[in-house]
Amino acid sequence: MELIIGGAYQGKLTYAVSRYGFAESELCDLKNGPPSSDCRCLYHLEEWVRGNKLPARELFDLLAPYMGDCVIICREVGSGIVPLDADERSFREECGSLLRLLAEKASHVTRIFCGLPEVLK
């Protein structure tokens, strides 16, 4: 499993499709619901975290069946001003914790900044 992270509109999905040649049918937009078994690239992980409102460990366990030969893409949400809203802070904390768990499991972790890959692991 490869984890790709970066800010909004930095080219994460473009990078993954270019690098791995994913077909449209292999892409799974988690903003639209849970992943399906034929997906090889899961993106908008942060929206899936927001919608599920579960602890990071439980979210990690839900993703386990998809962690074989796949790419997981998540927008960085932990930088910037800390929100006043408790639900928003909780979302950021769970998303960050999930990314930490995924990074430990991933064979590769890449950060995309201005369309440029930075290999972290």
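This report describes the sheet, the helices packed on it, the pockets and selected side-chain contacts of a predicted model.

## The sheet and its edges

The strands of this predicted model include six that form an open sheet in the order 2-3-4-1-5-6, with mixed pairing. Strand 2, residues 27–29, and strand 6, residues 116–119, are the edge strands, each of them pairing on one side only. Averaged over the sheet and with direction ignored, neighbouring strands are turned by 20° against each other.

Strands of a sheet pair through backbone hydrogen bonds, in either the parallel or the antiparallel sense. At one edge, strand 2 pairs with strand 3, which spans residues 41–43, in the parallel sense and over three bridges; in this pairing, leucine 27 stands opposite cysteine 41 of strand 3.

## Strand 5 and its two partners

Strand 5 runs parallel to strand 1, to which five bridges join it, and antiparallel to strand 6, to which it is joined by four bridges. Arginine 111 of strand 5 can be followed across both pairings, since it is the residue that isoleucine 5 stands opposite, while arginine 111 also stands opposite glutamate 118 in strand 6. Further along the antiparallel pair, phenylalanine 113 stands opposite leucine 116 of strand 6.

Strand 5 and strand 6 together form a hairpin that has two residues between its strands, and in this turn cysteine 114 has a positive phi of about 55°.

## Helices against the sheet

Helix 2 lies across strand 3 and strand 4, and its direction runs at about 75° to strand 4. Helix 4 also packs on the sheet, where it touches strand 1 (residues 2–6), strand 4 and strand 5 (residues 108–113), and the direction of helix 4 makes about 145° with that of strand 1.

## The largest pocket

Rolling a probe the size of a water molecule over the atoms shows where empty space is left. In this model the largest pocket has a volume of about 260 Å³, and its lining is made up of Ala8, Tyr9, Gln10, Gly11, Lys12, Leu13, Thr14, Tyr43, His44, Glu46, Ile73 and Arg75.

Helix 1, residues 12–20, and strand 4, residues 71–75, each supply at least two residues of this lining, and helix 1 accounts for the largest share, with three residues. By class, the lining of the largest pocket holds five nonpolar, four polar and three charged residues.

## The second largest pocket

The second largest pocket has a volume of about 170 Å³ and is lined by Val49, Arg50, Lys53, Leu54, Asp87, Glu88, Ser90, Phe91 and Glu94. Helix 2 (residues 45–52) and helix 4 (residues 86–105) each supply at least two of these lining residues, with helix 4 giving the most, namely five residues. The lining of the second largest pocket divides into three nonpolar residues, one polar residue and five charged residues.

The two helices named here also appear in the description of the sheet, given that helix 2 lies across strand 3 and strand 4, and that helix 4 touches strand 1, strand 4 and strand 5.

## A salt bridge between two loops

Side chains of opposite charge can pair when their charged atoms come close. The structure holds six salt bridges, and one of them is the pair in which the side chains of glutamate 26 and arginine 40 meet at 2.9 Å, N to O. Glutamate 26 lies in the loop between helix 1 and strand 2, and arginine 40 lies in the loop between strand 2 and strand 3, so this pair ties together parts that are 14 residues apart in sequence.

## Proline 83 and its surroundings

Proline 83 lies in the loop between strand 4 and helix 4. When its neighbours within four places in sequence are left aside, proline 83 is in contact with Glu88, Arg89 and Arg92, and among these contacts Glu88 is also one of the residues that line the second largest pocket. Lysine 31 is 52 residues from proline 83 along the chain, and the C-alpha atoms of these two residues are separated by 22 Å.

Methods. Residues are numbered from 1 along each chain as its sequence is written. This is a predicted model: local features need pLDDT of at least 70, side-chain atom pairs count only at pLDDT 80 or more; totals for chains, interfaces and linings use all residues. Side-chain values use heavy atoms; hydrogens and water are left out. On a 1 Å grid over the protein atoms alone, a cavity is a set of points where a 1.4 Å probe fits but cannot get out, and a pocket is an open set with protein on both sides within 12 Å along at least five of seven lines; lining residues have an atom within 4 Å of a point. Grid points are joined across faces, edges and corners, and a volume is the space filled by probe spheres set on the points. Ala, Val, Leu, Ile, Met, Phe, Trp, Tyr, Cys and Pro count as nonpolar, Asp, Glu, Lys and Arg as charged, and the others, Gly among them, as polar. Two strands pair if DSSP finds at least two bridges between them. Axes are lines fitted to C-alpha atoms, for helices over the stretch in contact, and angles run from 0 to 180 degrees between N-to-C directions. Contact means heavy atoms within 4.5 Å. A salt bridge is a side-chain nitrogen of Lys or Arg within 4 Å of a carboxyl oxygen of Asp or Glu.
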